[in-house]
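Dear colleague,

Please find below the structure that I am handing over to you. A summary of the findings follows it.

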Amino acid sequence: MASSQEEVTLLGATGSPFVCRVHIALKLKGVEYKYVEENLRNKSELLLKSNPVHKKVPVFIHNEKPIAESLVIVEYIDETWKNNPILPSDPYQRALARFWSKFIDDKVFGAAWKSVFTADEKEREKNVEEAIEALQFLENEIKDKKFFGGEEIGLVDIAAVYIAFWVPMVQEIAGLELFTSEKFPKLHNWSQEFLNHPIVKESLPPRDPVFSFFKGLYESLFGSK
């Protein structure tokens with residue numbers, strides 16, 4: 001069990017859904033931590049030293065030991081601080097949680113991003129189809145549960161913060177209808193429940209500057225409309 005005296009630092013960037021995952025996990029556990037905002041155009045020596053492989057955020061540093069990759073960090077936090085478990089205790093349910101979290105990164109994240117931020121029209125259409133297909137799998141998985149794991153926020157919910165907060169933003173910028181209450185009513189209900197959770201509300205970045213940042217990216221790719 002970790003003590004409250006231990007040194008906990010998170011290197012991140014405000015608009016990153018991956019960094020947001022770690023904020024949520026730490027706040028769920030009630031862990032006090034130091035947050036360091038990174039300038040990704042001028043990365044700090046600490047970031048480059050702590051994550052020499054990918055040179056990306058988030059990086060979680062616990063007692064001077066750095067850990068990279070958001071889902072790995074969230075599992076580490078869950079194993080280190082035992083209160084408010086994020087993963088189920090049952091081995092099969094844990095395996096399922098890991099499967100769906102990886103599914104979100106592999107099948108939803110890239111396709112949804114490329115649906116908006118890809119210049120080639122045919123490639124965009126292909127990614128829209130892939131994103132919708134992947135979201136349908138999650139619609140079927142959530143069923144009528146409050147959260148993916150049941151009554152409490154778990155690993156899959158944390159992984160899916162990108163779907164709840166970022167996807168509606170980027171689809172609005174691009175004028176797409178990837179994730180709507182009509183197409184995915186159960187998943188949409190989940191997203192509202194999740195975004196209104198006090199811990200999640202506290203962990204999310206402010207919407208307006210993040211929206212402006214991604215709108216600027218979109219306009220630099222396609223020209224101002």
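A residue is called buried when its relative accessible area is under 20%, exposed when that area is over 50%, and partly exposed in between. By this scale E130, at 33% relative accessibility, counts as partly exposed. Please bear in mind throughout that this is a predicted model.

**Salt bridges**

How many salt bridges does a search of the whole structure find? The search returns 8, and three of them are described here.

E130 takes part in one of these, with K126 as its partner and 3.2 Å between the closest N and O atoms. Both residues belong to helix 5, where they are 4 residues apart and therefore separated by about one helical turn. K126 is, at 41% relative accessibility, partly exposed.

The second pair is R21 and D105, whose closest N and O atoms are 2.6 Å apart. Because R21 lies in helix 1 (residues 17–29) and D105 in helix 4, this salt bridge ties together parts that are 84 residues apart in sequence. R21 is buried, with a relative accessible area of 2%, whereas D105 is partly exposed at 25%.

The third pair joins the side chains of E202 and K27, at 3.5 Å from N to O. E202 sits in helix 9 (residues 198–203) and K27 in helix 1, so the parts tied together are 175 residues apart in sequence. On accessibility, E202 counts as exposed at 52%, while K27 is partly exposed with a relative accessible area of 23%.

**A patch of negative charge**

Which residues gather in a patch of negative charge on the surface? They are D120, E121, E123, E125, E129 and E133. D120 is found in the loop between helix 4 (91–116) and helix 5 (121–142). Its relative accessible area is 45%, so D120 is partly exposed.

**A hairpin of two strands**

Strand 3 (residues 59–62) and strand 4 (residues 65–68) run antiparallel and are joined by 4 bridges. Among the bridge partners are H62 and, in strand 4, K65. The two strands form a hairpin with 2 residues between them. One residue of the turn, N63, has a positive phi of about 50°.

When you view the model, you may wish to begin with the salt bridge between R21 and D105, and then turn to the hairpin of strand 3 and strand 4.

With kind regards

Key: Residues numbered from 1 in each chain as written. Predicted model: local features only at pLDDT ≥ 70, side-chain atom pairs only at ≥ 80, totals over all residues. Heavy atoms only, no water. Patch = residues over 30% accessible without salt bridge, like charges linked within 9 Å, V, L, I, M, F, W, Y side chains within 5 Å. Areas by Shrake-Rupley, 256 points an atom, 1.4 Å probe, with all protein chains shown as cover. Salt bridge = Lys/Arg side-chain N within 4 Å of Asp/Glu carboxyl O. Lys, Arg positive; Asp, Glu negative; His and termini not counted. Charge placed at Lys NZ, Arg CZ, Asp CG, Glu CD. Buried < 20%, exposed > 50% of the residue type's maximum accessible area, 1.4 Å probe, protein only. Pairing = 2+ DSSP bridges.
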